[in-house]
Amino acid sequence: MRQPTLLTKRLTLRPYQQTDAPRMQQLAGERVIAATTLRIPHPYADGVAEEWIASALERTASGNAYHFAMVLTETDQFLGSVGLTVQREWERAELGYWIGVPYWGRGYTTEAAMEITRFGFEDLGLNRIYASVFANNPASARVLEKAGLTYEGRHLQAIKKWDEFLDTLTYARVKQV
(Lines give C-alpha, C1' and ligand atoms only; values in the text may rest on other atoms or scores of the structure.)
Protein backbone atom coordinates (compact mmCIF):
# COMPACT_ATOMS: atom_id res chain seq x y z
CA MET A 1 0.00 0.00 0.00
CA ARG A 2 1.28 3.46 -0.86
CA GLN A 3 1.38 5.81 2.05
CA PRO A 4 -1.59 8.15 1.89
CA THR A 5 -1.89 11.68 3.18
CA LEU A 6 -4.34 11.84 6.09
CA LEU A 7 -6.31 14.89 7.15
CA THR A 8 -7.73 15.88 10.52
CA LYS A 9 -9.50 19.06 11.55
CA ARG A 10 -6.23 21.00 11.86
CA LEU A 11 -3.47 18.69 10.65
CA THR A 12 -2.13 17.08 7.53
CA LEU A 13 -0.31 13.80 8.15
CA ARG A 14 1.82 13.31 5.06
CA PRO A 15 4.83 11.33 3.93
CA TYR A 16 8.13 12.83 4.98
CA GLN A 17 10.15 14.99 2.60
CA GLN A 18 13.85 15.76 2.90
CA THR A 19 12.87 19.43 3.16
CA ASP A 20 11.42 18.58 6.62
CA ALA A 21 14.93 17.81 7.95
CA PRO A 22 16.00 21.27 9.19
CA ARG A 23 12.82 21.83 11.19
CA MET A 24 12.91 18.24 12.43
CA GLN A 25 16.46 18.73 13.68
CA GLN A 26 15.49 21.97 15.40
CA LEU A 27 12.45 20.53 17.20
CA ALA A 28 13.74 17.02 17.94
CA GLY A 29 17.07 18.46 19.02
CA GLU A 30 15.67 19.73 22.29
CA ARG A 31 16.83 17.60 25.21
CA VAL A 32 13.29 17.31 26.61
CA ILE A 33 12.16 15.61 23.37
CA ALA A 34 14.95 13.05 23.56
CA ALA A 35 14.17 12.52 27.26
CA THR A 36 10.58 11.51 26.47
CA THR A 37 11.36 9.18 23.55
CA LEU A 38 13.19 5.91 23.21
CA ARG A 39 15.29 6.50 20.11
CA ILE A 40 15.73 10.24 19.53
CA PRO A 41 19.36 11.08 20.32
CA HIS A 42 20.71 14.06 22.20
CA PRO A 43 22.58 15.95 21.04
CA TYR A 44 20.88 15.70 17.66
CA ALA A 45 23.77 15.88 15.22
CA ASP A 46 23.75 17.31 11.73
CA GLY A 47 22.62 14.73 9.19
CA VAL A 48 20.59 12.63 11.64
CA ALA A 49 17.26 14.01 10.43
CA GLU A 50 18.13 13.39 6.77
CA GLU A 51 19.22 9.82 7.59
CA TRP A 52 16.09 9.15 9.61
CA ILE A 53 13.80 10.50 6.88
CA ALA A 54 15.52 8.31 4.25
CA SER A 55 15.18 5.21 6.44
CA ALA A 56 11.55 6.05 7.27
CA LEU A 57 10.72 6.30 3.57
CA GLU A 58 12.39 2.90 3.00
CA ARG A 59 10.43 1.27 5.85
CA THR A 60 7.21 2.76 4.48
CA ALA A 61 7.98 1.50 0.96
CA SER A 62 8.46 -2.01 2.37
CA GLY A 63 5.12 -1.84 4.22
CA ASN A 64 6.79 -2.35 7.60
CA ALA A 65 6.01 1.12 8.87
CA TYR A 66 4.01 4.22 8.11
CA HIS A 67 5.78 7.37 9.30
CA PHE A 68 3.94 10.64 8.86
CA ALA A 69 5.16 14.21 9.13
CA MET A 70 2.66 16.07 11.32
CA VAL A 71 2.06 19.52 9.81
CA LEU A 72 -0.45 22.30 10.32
CA THR A 73 -2.80 22.21 7.33
CA GLU A 74 -3.20 25.97 7.26
CA THR A 75 0.53 26.77 7.06
CA ASP A 76 2.27 23.43 6.23
CA GLN A 77 4.43 24.08 9.32
CA PHE A 78 6.17 20.91 10.53
CA LEU A 79 5.23 20.05 14.15
CA GLY A 80 6.46 16.51 14.75
CA SER A 81 5.99 12.89 13.79
CA VAL A 82 3.43 10.14 14.18
CA GLY A 83 3.48 6.62 12.84
CA LEU A 84 2.90 2.91 13.07
CA THR A 85 5.51 0.15 13.02
CA VAL A 86 3.58 -2.78 11.58
CA GLN A 87 3.95 -6.44 12.49
CA ARG A 88 1.80 -8.04 9.77
CA GLU A 89 2.35 -11.57 11.09
CA TRP A 90 0.36 -10.64 14.19
CA GLU A 91 -1.88 -8.00 12.57
CA ARG A 92 -0.69 -5.39 15.03
CA ALA A 93 1.35 -2.21 15.10
CA GLU A 94 3.17 -0.05 17.60
CA LEU A 95 2.14 3.59 17.66
CA GLY A 96 4.84 6.20 18.12
CA TYR A 97 4.91 9.99 18.08
CA TRP A 98 6.65 13.13 19.20
CA ILE A 99 5.83 16.80 18.82
CA GLY A 100 7.94 19.92 19.22
CA VAL A 101 7.76 21.71 22.57
CA PRO A 102 6.13 24.89 21.15
CA TYR A 103 3.11 22.76 20.21
CA TRP A 104 2.61 20.90 23.49
CA GLY A 105 -0.74 21.18 25.22
CA ARG A 106 -2.75 22.11 22.12
CA GLY A 107 -4.26 18.70 21.35
CA TYR A 108 -2.34 18.18 18.11
CA THR A 109 -0.75 14.90 19.20
CA THR A 110 -4.08 13.48 20.33
CA GLU A 111 -5.65 14.52 17.02
CA ALA A 112 -2.83 12.81 15.09
CA ALA A 113 -2.91 9.68 17.27
CA MET A 114 -6.65 9.32 16.78
CA GLU A 115 -6.31 9.56 13.00
CA ILE A 116 -3.35 7.20 12.78
CA THR A 117 -5.24 4.68 14.93
CA ARG A 118 -8.25 4.94 12.61
CA PHE A 119 -5.90 4.45 9.64
CA GLY A 120 -4.39 1.35 11.24
CA PHE A 121 -7.71 -0.34 11.86
CA GLU A 122 -9.69 0.77 8.81
CA ASP A 123 -7.08 1.07 6.07
CA LEU A 124 -4.43 -1.44 7.17
CA GLY A 125 -6.85 -3.98 8.67
CA LEU A 126 -4.94 -4.29 11.93
CA ASN A 127 -6.39 -6.06 14.95
CA ARG A 128 -4.28 -4.38 17.66
CA ILE A 129 -2.48 -1.08 18.10
CA TYR A 130 -0.30 -0.56 21.15
CA ALA A 131 2.14 1.96 22.56
CA SER A 132 4.47 2.35 25.52
CA VAL A 133 5.39 5.57 27.27
CA PHE A 134 7.82 6.37 30.03
CA ALA A 135 6.01 6.39 33.37
CA ASN A 136 7.44 9.85 34.07
CA ASN A 137 5.57 11.26 31.04
CA PRO A 138 1.90 11.52 32.08
CA ALA A 139 1.07 13.89 29.21
CA SER A 140 1.93 11.17 26.70
CA ALA A 141 -0.16 8.65 28.62
CA ARG A 142 -3.12 11.07 28.39
CA VAL A 143 -2.66 11.27 24.61
CA LEU A 144 -3.04 7.51 24.38
CA GLU A 145 -6.09 7.47 26.65
CA LYS A 146 -7.76 10.24 24.62
CA ALA A 147 -6.97 8.30 21.44
CA GLY A 148 -8.95 5.36 22.82
CA LEU A 149 -6.13 3.11 24.01
CA THR A 150 -6.56 1.33 27.33
CA TYR A 151 -3.91 1.02 30.04
CA GLU A 152 -2.60 -2.55 30.20
CA GLY A 153 0.21 -2.40 32.69
CA ARG A 154 3.47 -1.09 34.05
CA HIS A 155 6.81 -2.63 33.16
CA LEU A 156 9.32 -2.01 35.91
CA GLN A 157 12.72 -0.69 34.83
CA ALA A 158 11.99 -1.74 31.25
CA ILE A 159 14.28 0.79 29.58
CA LYS A 160 17.69 2.14 30.42
CA LYS A 161 17.87 5.74 29.26
CA TRP A 162 20.89 7.91 30.02
CA ASP A 163 22.15 5.58 32.77
CA GLU A 164 18.77 5.42 34.52
CA PHE A 165 16.30 2.56 34.47
CA LEU A 166 12.79 3.78 33.66
CA ASP A 167 9.39 2.15 34.03
CA THR A 168 7.14 2.07 30.99
CA LEU A 169 3.35 2.06 30.76
CA THR A 170 1.70 0.05 28.00
CA TYR A 171 -1.58 1.00 26.35
CA ALA A 172 -3.48 -0.79 23.59
CA ARG A 173 -6.64 -0.89 21.58
CA VAL A 174 -8.10 -3.75 19.61
CA LYS A 175 -10.36 -3.61 16.58
CA GLN A 176 -14.01 -3.21 17.38
CA VAL A 177 -15.93 -6.37 16.54
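**Exercise 1. Overall make-up**

What percentage of the chain is helix and what percentage is strand over residues 11-172, and how far apart are the end C-alpha atoms?

*Solution.* The model is predicted.
Step 1. Identify the region: an unreviewed UniProt entry annotates residues 11-172 as "domain: N-acetyltransferase".
Step 2. Read the composition: over residues 11-172 the chain is 33% helix and 36% strand.
Step 3. Read the distance: the end C-alpha atoms of this region are 23 Å apart.

**Exercise 2. Confidence in the model**

State the mean pLDDT of the protein, and name the elements with the lowest and the highest mean value.

*Solution.* Step 1. The protein has a mean pLDDT of 95, and 99% of its residues reach 70 or more.
Step 2. Among the elements, α3 has the lowest mean pLDDT, 92. The highest, 98, belongs to strand β1, residues 6-7.

**Exercise 3. The helix α4**

Test whether the span of α4 agrees with its number of residues, and decide whether the helix is enclosed or open.

*Solution.* Step 1. The helix α4 has 16 residues, which at 1.5 Å a residue should span 22 Å.
Step 2. The end C-alpha atoms of α4 are 21 Å apart, in agreement with the expected span.
Step 3. To judge burial, apply the cut-off: a residue is buried when its relative accessible area is under 20%. Twelve of the 16 residues of α4 are buried, so the helix is largely enclosed by the rest of the structure.
Step 4. Name some of them: the buried residues of α4 include Y108, E111, I116, F119 and F121.
Step 5. Look beyond the helix: α4 is followed by G125, whose phi is positive, near 70 degrees.

**Exercise 4. The largest pocket**

Describe the largest pocket by its volume, its lining and the elements that contribute to that lining.

*Solution.* Step 1. The volume of the largest pocket is about 1,300 Å³.
Step 2. Its lining consists of 47 residues, and T36, T37, G96, Y97 and W98 lie nearest the centre.
Step 3. By character, the lining residues are 25 nonpolar, 15 polar and seven charged.
Step 4. Among the elements that each supply at least two lining residues are α3, α4, α5 and β7. The largest share, six residues, comes from β5.

**Exercise 5. Backbone exceptions**

Locate a cis peptide bond and two residues other than glycine with a positive phi.

*Solution.* Step 1. Recall the general rule: most residues other than glycine have a negative phi, and most peptide bonds are trans.
Step 2. The peptide bond from H42 to P43 is cis, with omega near 0 degrees. P43 is found in the loop between α2 and α3.
Step 3. D76 is not a glycine, although its phi is positive, about 60 degrees. D76 is placed in the loop between β3 and β4.
Step 4. D163, also a residue other than glycine, has a positive phi near 70 degrees. It lies in the loop between β7 and β8.

**Exercise 6. Accessibility**

Classify D76, D163 and E152 as buried, partly exposed or exposed.

*Solution.* Step 1. The class is exposed over 50% relative accessible area, buried under 20%, and partly exposed in between.
Step 2. D76 has a relative accessibility of 45% and therefore counts as partly exposed.
Step 3. D163 has a relative accessible area of 73%, so D163 is exposed.
Step 4. E152, in strand β7, counts as partly exposed because its relative accessibility is 45%.
Step 5. As a final item on E152, its C-alpha atom is separated by 27 Å from that of G100, 52 residues apart along the chain.

Conventions:
Residues are numbered from 1 along each chain as its sequence is written. This is a predicted model: local features need pLDDT of at least 70, side-chain atom pairs count only at pLDDT 80 or more; totals for chains, interfaces and linings use all residues. Side-chain values use heavy atoms; hydrogens and water are left out. On a 1 Å grid over the protein atoms alone, a cavity is a set of points where a 1.4 Å probe fits but cannot get out, and a pocket is an open set with protein on both sides within 12 Å along at least five of seven lines; lining residues have an atom within 4 Å of a point. Grid points are joined across faces, edges and corners, and a volume is the space filled by probe spheres set on the points. Helices (H or I, at least four residues) and strands (E, at least two) are DSSP runs, numbered from the N terminus. Ala, Val, Leu, Ile, Met, Phe, Trp, Tyr, Cys and Pro count as nonpolar, Asp, Glu, Lys and Arg as charged, and the others, Gly among them, as polar. UniProt positions are given in the numbering used here, feature names are shortened, and annotations may be inferred rather than shown by experiment. The expected span of a helix is 1.5 Å times one less than its number of residues. Buried means under 20% relative accessible area, exposed over 50%, partly exposed in between (1.4 Å probe, protein chains only). pLDDT is the predictor's confidence in each residue, from 0 to 100.
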